[in-house]
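Let's take a walk through this model together, starting with the overall fold and ending at the ligand. Keep the 3D view open as you read.

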Amino acid sequence: MELADLGFNSWFQKKREESQKLDFSIARITRVDRNRYLVRNEENEIQAEPTGKLLFFTDSSQDLPCVGDWVFVQYYNDGTLAIIHELLPRKTFLRRKSAGNTVDYQMIASNIDIAFIIQSCDFNFNLRRLERYLVMAKEGHVEPIILLSKSDLVSSEELEKRISEIRQAQINARVITFSNKTDIGLDTVQQVLEKGKTYCLLGSSGVGKTTLLNHLLGDEVFETNPVREKDSRGRHTTSRRQLVVLDNGAFLIDTPGMRELGMIAAGTSIDDSFSDIQELSQNCRFNDCAHTVEVGCAILTAVQTGNLDEERYQSYMKLIKESKFHQMSYVERRKKDKQFGKMIKIVKKQIKKK
Ligand SMILES: Nc1nc2c(ncn2[C@@H]2O[C@H](COP(=O)(O)OP(=O)(O)OP(=O)(O)O)[C@@H](O)[C@H]2O)c(=O)[nH]1
Ligand SMILES: [Mg+2]
Ligand SMILES: [Zn+2]
C-alpha cells in the first residue's frame, strides 16, 4: 500500500516538504488507547509511542496524536515499533469541548473527509442533537452526511416525517435512510465510500454504528450489543476509536457513542439513563459520597439488598468515572498524574526505610 492509498494527498505532501523533516518516515494513527498507539504505514500496522517531549510538553490535549493523524515517526526493533516525534498539520478535524472552567478541546478524529452523523429512526432521533453534531463537523471543515438508521423500526410515513423535520430545521446536509436489518439503503451508503478517503461514524450509543461497520466489512469483526428494551438506549459497547480499512480501500473510523453524547449535552446523559440511581444517591449519608466504601451509602445498600442490579451499579460507576476523567481539563489530569507520581515516590522511600 502506498501512502497515497492511505489518504496522504498533495496537501499533506506539501506540509511534509515545508517541515523539512525529511529523515523521518510518515505513518497514520489508526488507534489510540490512552498513551498507546497503533500506526499504519506502507507495509503494516504496528505499535507506536510518542516521545516524552511530545507527551509532556504539549500544552493542550488536542495537540496530542489522535486517530486519523499523520505523524513523523522513526522505526525501531526491525520496524516493529514506531516512535512518534511530531504531528503533521490537520486538514480537517472533529473535536469536542472539554467540560470544566478552562477552554480546552479533545480530538475525536482528524483528517476526515466525511462525517456520518447517525441517529436511529426510533427514540434516538433528536433535531437539537443533530444540530450540535453538524456544528462540530462544520467547525472542523468536515462534510457531514446524516444517516438515519433502523428504518425497519418505523413506517414509511414516519420516515418521511423525520426527513421533512430535518428540512424544516433548515438543515441541508444529505440524508440517507438505511437499515442493517433489511439492508435497505445500504448500497446508497456504500456508494458514498471512496478509495483513499476517510469517514467517521458519529452518534449516540446503540444507533448501530458498529453494526454498520461490520456490515460493510461483511463480517462480525467488532462487538455490538442490543439496546435496553425499556428506553432503547445503547450500552456503550465500543470503547475506543479505531480506523478500519474497508475492502474497497476506504477508511472508516468507529467511535464510542455514549461519551460522545455526554460531551455534547454535558453531563445530562448520565442523569437521564441512570435517573433511578441518581435518585437513590439523594439518600446517601454524605453529600460527597463516592458510592464505593462509604458508610450509609444508599446505592451500596440497594445493591446489597438486591434492589439494584449489581451490573447496573458497575456500569453506572464506570460511566461516572469516565465522565469525570473526561471533564477534567488536560492540565488537571496532568496534575493528577504528577500527584500520583509523587505518591509513588513517597511510598518507595517508605519501603526503603523498612
Ligand atoms: N432493528 C434494527 N436494529 C439495529 C440496526 N442496526 C443496529 N441494530 C441493533 O442495535 C444494537 C446496537 O448496535 P451497535 O452497532 O452496537 O450500536 P453502536 O452505535 O455501535 O453503539 P456503541 O458502540 O455503544 O456506541 C444492536 O443490537 C444491533 O443489532 C437496524 O438497522 N435495525
Ligand atoms: Mg459501537
Ligand atoms: Zn453513596
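The protein chain holds 12 helices and 13 strands, and please keep in mind that the model you are looking at is predicted. The chain has 354 residues, of which 32% are buried. To get a feel for how the chain folds back on itself, look at the contacts between residues at least 6 apart in sequence: 64% of these join residues at least 24 apart.

Two helices make good stops along the way. Begin with helix α1, which covers residues 10-19. Is α1 mostly buried or in the open? Out of its 10 residues, the number buried is one, so helix α1 lies largely in the open. Move just past the end of α1 and you meet Q20, which has a positive phi of about 60°.

Further along, helix α4 takes up residues 156-168. From first C-alpha to last, α4 reaches 18 Å over its 13 residues, which is close to the 18 Å expected at 1.5 Å a residue. A positive phi turns up after this helix too: Q170, which follows α4, has a phi near 65°.

Now turn to ligand 1, which has 25 residues around it. Which of them come nearest? They are G208, T210, T224, T238 and G257. Helix α6, spanning residues 209-217, gives the most to this shell, with three residues. As for chemical character, the shell around ligand 1 comprises 15 polar residues, five nonpolar and five charged.

Technical notes:
Residues are numbered from 1 along each chain as its sequence is written. Chains are lettered from A and ligands numbered from 1 in the order in which they are written. This is a predicted model: local features need pLDDT of at least 70, side-chain atom pairs count only at pLDDT 80 or more; totals for chains, interfaces and linings use all residues. A residue is near a molecule or strand if its C-beta atom, placed from the backbone, lies within 6 Å of it. Helices (H or I, at least four residues) and strands (E, at least two) are DSSP runs, numbered from the N terminus. Ala, Val, Leu, Ile, Met, Phe, Trp, Tyr, Cys and Pro count as nonpolar, Asp, Glu, Lys and Arg as charged, and the others, Gly among them, as polar. A residue is buried if 20 or more other C-beta atoms lie within 10 Å of its own, exposed if 12 or fewer, and partly exposed in between; C-beta atoms are placed from the backbone. Two residues are in contact if their C-beta atoms, placed from the backbone, lie within 7 Å. The expected span of a helix is 1.5 Å times one less than its number of residues.
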